[in-house]
Structure formats: structure tokens, C-alpha cells
Amino acid sequence: MTATANRGRTRLRAIAGALLLSLCGIAAADEGGDAIALAQRTLDRLDAGQYAAVIDSFTSEAKAAIDADGLEQVWIALPAQLGEAQGRGDATLDTRGRFRVVAIPLRYARGALNAIVTLDEYDRVAGLLLQPPAAAPPPPPAMPAGISERAFSVGSGERALPGTLTLPNGAGPFPAVALVHGSGPQDRDETIGPNRPFLDIAHGLAAHGIAVLRYDKRSRARPQDYAQGDFTIDDETTDDAVAALKALRAAPGIDPERVFVFGHSLGAMLAPRIAARVPGTAGAILFAAPSRPLLDVLVEQVSAMAARDGSVSDAEREATTRLESGIARLRAGEEVPAAEAPLGQSTAYWRSIEAVDPVADARALDVPLLVLHGGRDLQVGAADWRGWQQAFPQSPRVRLRDYPALSHLGIAGEGPGSLADYQTAGHVDPRLIADVAEWIRERRP
């Protein structure tokens with residue numbers, strides 16, 4: 001991948017964040033060409049520079065998230081980043097609840113992205129998202145010998161989340177882990193580009209005699225649960241992980257005294273919080289865990305990505321300044337509109353994250369911890385790893401393991417970490433999985 005392409009992908013992610021106007025609860029509902037025609041008309045108006053007209057077609061929630069000037073800045077930046085527009089691909093329609101979601105491929109000389117337009121039952125635009133086209137993951141690998149899988153629900157009733165329990169062959173009872181995702185609407189395999197790190201971990205640990213529960217994240221399986229927009233980090237992640245641990249401890253064939261939480265990225269930051277809320281949890285495994293406030297990590301990520309090709313554009317500098325301004329206002333106690341808040345999330349959401357101190361939560365636990373870090377991690381870097389080392393320099397309760405060649409996904413590579421890591425097919429390093437398995441086997445009541 002060229003430097004230009006890398007820079008284009010970095011900026012596309014910033015553009016996607018700026019245009020995420022809908023809440024987490026996207027849904028969609030009728031068939032036929034009307035929704036597609038309305039979505040195409042929205043893009044036609046953007047191409048014609050009719051930004052105010054586009055804003056007029058928004059729902060009140062969408063209008064609160066972005067204004068015409070902000071929309072114009074993002075739209076006119078696309079040709080500069082991706083080259084001359086070269087038309088649109090065939091639109092597709094998804095139906096979820098009362099909303100209709102139209103995806104329209106946009107083609108440019110140096111790249112492509114998808115425009116996702118969400119319409120409510122009154123033909124108003126409830127969401128507009130630009131995102132790079134996702135690489136289709138390869139077919140899942142064949143089930144390794146010596147393990148099996150069965151369906152497993154987290155929770156009950158219509159709000160239950162679908163999941164998979166991977167089991168070693170035999171009668172058990174087996175030690176077990178519940179996997180907790182990173183940020184975003186993740187599926188049970190934590191599919192990112194062509195990679196499925198949670199599937200790798202589940203199959204790998206089961207081959208070592210350890211059962212693994214993985215499940216679809218609520219923002220993926222039931223986005224309608226966030227339709228009101230006032231959710232917190234506990235609503236998004238913690239509460240479901242707590243329910244998963246409790247269900248796993250009660251499952252046939254599982255040793256309830258040897259059930260662990262295994263968090264990745266955001267899930268790792270929350271793992272001590274989750275373990276503390278389930279009495280009897282045997283321990284916590286933190287992989288790629290921030291040790292600092294997440295908003296500080298976010299600023300560092302954005303700044304580092306903007307400068308990765310050796311220069312920072314005025315637009316990128318302004319985006320970083322806006323991000324820092326929104327964070328400062330949040331921390332000063334202001335109610336920040338979604339359009340001005342980090343990543344367009346609500347004040348309540350960010351305040352709930354600000355209340356999480358992963359190091360303090362880890363110190364307050366009285367169960368064993370295994371903290372894992374990849375030296376090529378582009379998102380959770382050396383500063384966070386030093387934070388964990390300084391917090392637990394010689395604790396018999398906490399084991400720290402560093403893997404210099406591993407990325408944020410636990411996949412081995414060479415050279416500095418880059419965005420290309422997320423689109424390069426690979427598998428979670430077997431050494432990391434073996435180390436986790438050995439640590440779990442050592443933890444006996």
C-alpha cells in the first residue's frame with residue numbers, strides 16, 4: 001500500500017467519524033425503490049452543493065449532530081483525498097425495525113467508500129455515514145480436532161445476545177473464559193477486515209482444554225436498544241459482559257470456580273470493572289488495555305495517525321484541535337452537543353468512560369490478573385504499557401507479558417504498526433494463546 005493510500009485510509013476514518021449522524025440504534029424497514037431514490041437524492045444534493053437542503057431533510061437528532069458548514073467541509077474534502085469522483089455503484093437496502101438503511105458505493109480515482117443513508121418512516125434522514133468498504137473476511141477455518149461448539153445466549157427474552165460456546169471434547173468440568181470486545185459494533189468473532197481474533201482465541205484455548213464464550217456485541221446485534229442515544233459504557237459493554245460471566249459460571253460442563261474474563265482493548269480496560277461485579281470470578285486477562293483515560297489515548301491516536309506520513313494537513317490539525325476542545329469542555333462539566341463531542345457520542349457516554357480508571361480498578365481487585373501487550377500496537381502503545389508496568393512492578397497477583405512483534409489484534413508482523421495491519425490477513429499468535437492457557441491452568445482453587 002502506498003503512502004498516499006495509507007493517508008487516504010486514515011482520513012477516511014476521520015471523515016466517517018465526522019459524518020456518523022445516527023445513534024448506535026440504526027434500524028430499517030421497507031422494500032422497493034423509494035428509499036434508494038431518496039438516498040440517491042441526498043447524495044445528488046451534496047454533489048450540487050445544496051448542503052442546507054440536505055440538513056433540512058434530517059431528523060431533529062441528526063440536525064443536532066452536524067450543521068451545513070461541517071457537512072460541506074467533509075464532502076468537498078473527498079476529491080482532494082481520493083481523486084476525481086468516478087460514479088456510484090449499485091445501492092443496497094437493509095431493513096431493521098422502522099428504519100431503512102441504504103448503502104451506496106462511491107468510486108474515486110484513488111479509492112472508494114460507502115455512503116450509508118438511514119431513513120425513518122417519515123422519509124427523513126436519520127443517519128449519514130461514510131466508511132471505507134470492508135474487506136470480506138475469508139471463510140472461517142475448519143473446526144480443529146478435539147473441540148466442539150454450541151449456541152449460547154447471553155441474557156434472556158428479546159434482549160438476549162446470540163453467542164457461541166466453544167468446548168474441549170470430554171466431560172469437564174472445564175475452566176472457561178468470556179471474551180469482551182473492543183470498541184465498535186463487533187460480532188462474536190471480533191471480525192476486523194479479514195481477521196477474526198476472537199475466533200482464533202476461542203479455538204486456540206479450547207485446544208488447550210479451556211472453554212470459551214464469545215457473543216455478538218449489543219451495538220451489533222441489537223442497535224435499536226440505543227435508539228434514545230443516552231446510553232453509557234455500562235449499557236454498551238459492562239452489563240452484557242457481567243451477564244455473560246454469570247451465564248458461563250452456571251453452564252453445564254463449566255467449572256464455576258475457574259471462570260475468567262478476557263477483555264480486548266476497550267474490553268480490557270473494563271475487565272477489572274467487570275470482574276468486580278461478578279463475585280467468584282477467578283481472574284481477568286487484559287489484552288491491549290489502556291492504562292490512561294481513554295480520551296487521552298484518543299487524542300494521541302488521532303495525532304499519531306495524522307502525522308504518520310511525515311506531514312499534517314490544515315484539515316487534520318483543525319480536526320485534532322476540535323477534538324481537544326470537545327474533551328476540554330467535557331472535562332469542564334459542560335453539556336457538549338454531539339456535533340462537537342468526540343466521535344459524535346453523547347456527553348453522558350463520555351462521562352461514563354471518564355469515570356473508569358482501569359489501573360485503580362485493577363488494584364482494587366483481589367483476583368489474579370494477566371496483562372498482555374503487543375509491541376506493534378497502533379492504538380494502545382508504549383505509554384499505556386509503561387502505565388501497567390509502573391502500577392504493578394513486582395506484584396505476585398499480576399503477571400505482565402509483552403510481545404514485541406504483535407499488533408493490536410495479536411497478529412505478528414514486522415516494522416512499526418500501521419493501519420495496514422487491520423487489513424492484512426493473519427491469526428492471533430499461538431504463543432500468546434499458549435501463555436494464556438498456561439496462566440489459566442496455574443490458577444486453581
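Strands β4 and β5 (residues 125–131) pair in the antiparallel sense, and 6 bridges connect them. The model in which this pairing appears is a predicted one. Between β4 and β5 lie 5 residues, and the two strands form a hairpin. Within that turn, D123 has a positive phi of about 65°. As a point of reference along the paired strands, T118 stands opposite G127 in β5.

On its other pairing, β4 meets strand β3 (residues 99–108), and these two run antiparallel with 9 bridges joining them. The connection from β3 to β4 is again a hairpin, made through 2 residues. Here R107 has A112 in β4 as its bridge partner. Strand β4 itself comprises residues 111–119, and 7 of its 9 residues are buried, so that the strand is mostly covered.

From these hairpins the description turns to an open sheet. Strands of a sheet pair through backbone hydrogen bonds, either parallel or antiparallel. In this open sheet, 8 strands follow the order β6-β7-β9-β8-β10-β11-β12-β13, with mixed pairing. The edges are occupied by β6 (147–154) and β13; each has a single partner strand, and therefore one side of each is left without a neighbour in the sheet. From one strand to the next, the twist averages 20°. One parallel pairing within the sheet is that of β8 with strand β9 (residues 211–215), joined by 3 bridges. In this pairing V177 has V212 in β9 as its bridge partner. Helix α9 (residues 266–276) packs on the sheet, where it touches β8, β10 and β11. The direction of α9 makes about 145° with that of β10.

A second helix to consider is α16, which covers residues 430–442. At 1.5 Å a residue, its 13 residues should span 18 Å, and the end C-alpha atoms are indeed 18 Å apart, so the expected and modelled values agree. The N-terminal end of α16 is capped by D429, which has a side-chain oxygen 2.8 Å from the backbone nitrogen of R431. An α-helix has 3.6 residues a turn, so residues three or four places apart point the same way. The buried residues of α16 are L432, I433, D435, V436, A437, W439 and I440. These buried residues pack against several strands, including β8 (174–180), β10 (254–264), β11 (283–287), β12 (369–374) and β13 (398–403), and also against helix α6 (197–207).

The aromatic residues complete the picture. A pair of aromatic rings is described by the distance of the centres and the angle of the planes. The structure holds 4 aromatic pairs. One of them is formed by F231 and Y349, with 5.3 Å from centre to centre and 65° between the planes, an edge-to-face arrangement. This pair links distant parts of the chain, since F231 and Y349 are 118 residues apart. F231 lies in the loop between α7 (218–221) and α8 (233–249), whereas Y349 belongs to helix α12 (residues 347–354). Both F231 and Y349 are buried. Y349 also pairs with W350: the ring centres are 5.6 Å apart and the planes stand at 75°, so this pair is edge-to-face. The relative accessibility of Y349 is 7%, and Y349 therefore counts as buried. W350, at 5% relative accessibility, counts as buried for the corresponding reason. F231, Y349 and W350 form one aromatic cluster.

Definitions and conventions
Residues are numbered from 1 along each chain as its sequence is written. This is a predicted model: local features need pLDDT of at least 70, side-chain atom pairs count only at pLDDT 80 or more; totals for chains, interfaces and linings use all residues. Side-chain values use heavy atoms; hydrogens and water are left out. Rings of Phe, Tyr and Trp (its six-membered ring) pair if their centres lie within 6.5 Å; planes under 30 degrees apart count as stacked, over 60 as edge-to-face and the rest as tilted. Helices (H or I, at least four residues) and strands (E, at least two) are DSSP runs, numbered from the N terminus. Buried means under 20% relative accessible area, exposed over 50%, partly exposed in between (1.4 Å probe, protein chains only). Two strands pair if DSSP finds at least two bridges between them. The expected span of a helix is 1.5 Å times one less than its number of residues. Contact means heavy atoms within 4.5 Å. A polar contact is a pair of N or O atoms within 3.5 Å; within protein, one must be able to donate a hydrogen and the other to accept it, and residues adjacent in sequence count only if both atoms are side-chain atoms. Axes are lines fitted to C-alpha atoms, for helices over the stretch in contact, and angles run from 0 to 180 degrees between N-to-C directions.
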